[in-house]
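Visitor: Got a minute to go through a structure with me? I'd like to talk pockets and charges.

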Amino acid sequence: MKKLITKLQYKNFERGEFISEQYRTLEETHELIKQYPWDTQRHFTDIEPTGPSVTIDRGRGEYLKIGLYFNQKFCLYLFNRHNSLYEYHTASQQEVYDIVTKFFSDANLEPSFEKHLISIGSESHFKNKNFLYSLNTGQIIAKYILLLLLTACILCSLTIATIIFFPAGTLLLLAGYGLFKFHSLYLSHYQKSKNVGLKLSRGINEFTYSKNGVSKTYNKTDIKQIDVFSSASNTKNSDLIFYQIIFNDSTEIRISGQVIAQQVFVQKFPGMLFHYRDNLFKKF
């Protein structure tokens, strides 16, 4: 009996985030569609290819996704091996079953679907994403080299100013101390993030944090609070930001902005209240 890979998405899921992925028969897929909570998932849901849906993978880069549309309708998205995206709208669940049946039988559905004129990047709505975050060593080293060059320029300028204007020596000492602290902090983030891995997505409650080859799985519902340490002048993608996740049992983990950027990290915890600490030089 023929089986195809089927998987689910719910509200708040990211592109490429799926659960309940397994091979299912046509009958099992029909039942999966029937039991899906379409009505409750409709509330405050954006109409787009990523959202509450059932996705069927026929292999060879061919997908059929049953999602939601306006006015209690369904929107069926068809993606083919040529990276073209099509869609079809219907209010009939029976018609959805009929289209799924044709998809299982390798029928060509494209003539009855409407083709999108632009489908660049559409594959990301159907393929799995790993959601693994870790240190990009090459990128961090390149940034640090630029920081060294900038530091050298600043110190050279201050040294010249000190020679010409003797009282500027105090400014040189203060600047030197500040730059030393900055570089020490940057290298500390790098050193402590080299062997860190994070598997984290928005819709799934469980996430995995690993360090030095040892992994542990956590649950978002066990989090007491999340502190974000930065400074008022920092951009949201600063490599010197770090996050302190405190759990109900008082255990905690710290993750550097060198592993995952702040604007990405905060989106992984919908509804979570973050505590922002204006303390860039807190020890990481």
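Guide: Sure. Keep in mind that this is a predicted model. By class, five nonpolar, five polar and five charged residues line the largest pocket.

Visitor: How much space lies in the largest pocket?

Guide: About 230 Å³.

Visitor: And which residues lie nearest its centre?

Guide: Asn130, Lys199, Ser201, Ile204 and Glu206. The full lining has 15 residues.

Visitor: Which strand gives the most to that lining?

Guide: Strand 10, residues 206-211. It supplies three residues.

Visitor: Switching to charges. How many salt bridges are there in the whole structure?

Guide: The search finds nine. One of them pairs arginine 277 with aspartate 227, at 3.3 Å, N to O.

Visitor: Where do arginine 277 and aspartate 227 lie?

Guide: Arginine 277 is in strand 15 (residues 274-278), and aspartate 227 is in strand 12 (residues 223-230). So the pair ties together parts 50 residues apart in sequence.

Visitor: Is aspartate 227 buried or exposed?

Guide: Buried, with 4% relative accessibility. Arginine 277 is partly exposed, at 34%.

Visitor: Which residues end up in a network of shared salt-bridge partners?

Guide: Lys2, Arg58, Arg60, Glu62, Arg81 and Asp106 are joined into one network.

Visitor: Which side chains does glutamate 62 meet there?

Guide: Arginine 58, at 3.0 Å, N to O. Arginine 60 also forms a salt bridge with glutamate 62, at 3.0 Å, N to O.

Visitor: Are glutamate 62 and arginine 58 buried or exposed?

Guide: Glutamate 62 is buried, with a relative accessible area of 8%. Arginine 58 counts as buried too, at 13%.

Definitions and conventions. Residues are numbered from 1 along each chain as its sequence is written. This is a predicted model: local features need pLDDT of at least 70, side-chain atom pairs count only at pLDDT 80 or more; totals for chains, interfaces and linings use all residues. Side-chain values use heavy atoms; hydrogens and water are left out. On a 1 Å grid over the protein atoms alone, a cavity is a set of points where a 1.4 Å probe fits but cannot get out, and a pocket is an open set with protein on both sides within 12 Å along at least five of seven lines; lining residues have an atom within 4 Å of a point. Grid points are joined across faces, edges and corners, and a volume is the space filled by probe spheres set on the points. Helices (H or I, at least four residues) and strands (E, at least two) are DSSP runs, numbered from the N terminus. Ala, Val, Leu, Ile, Met, Phe, Trp, Tyr, Cys and Pro count as nonpolar, Asp, Glu, Lys and Arg as charged, and the others, Gly among them, as polar. A salt bridge is a side-chain nitrogen of Lys or Arg within 4 Å of a carboxyl oxygen of Asp or Glu. Buried means under 20% relative accessible area, exposed over 50%, partly exposed in between (1.4 Å probe, protein chains only).
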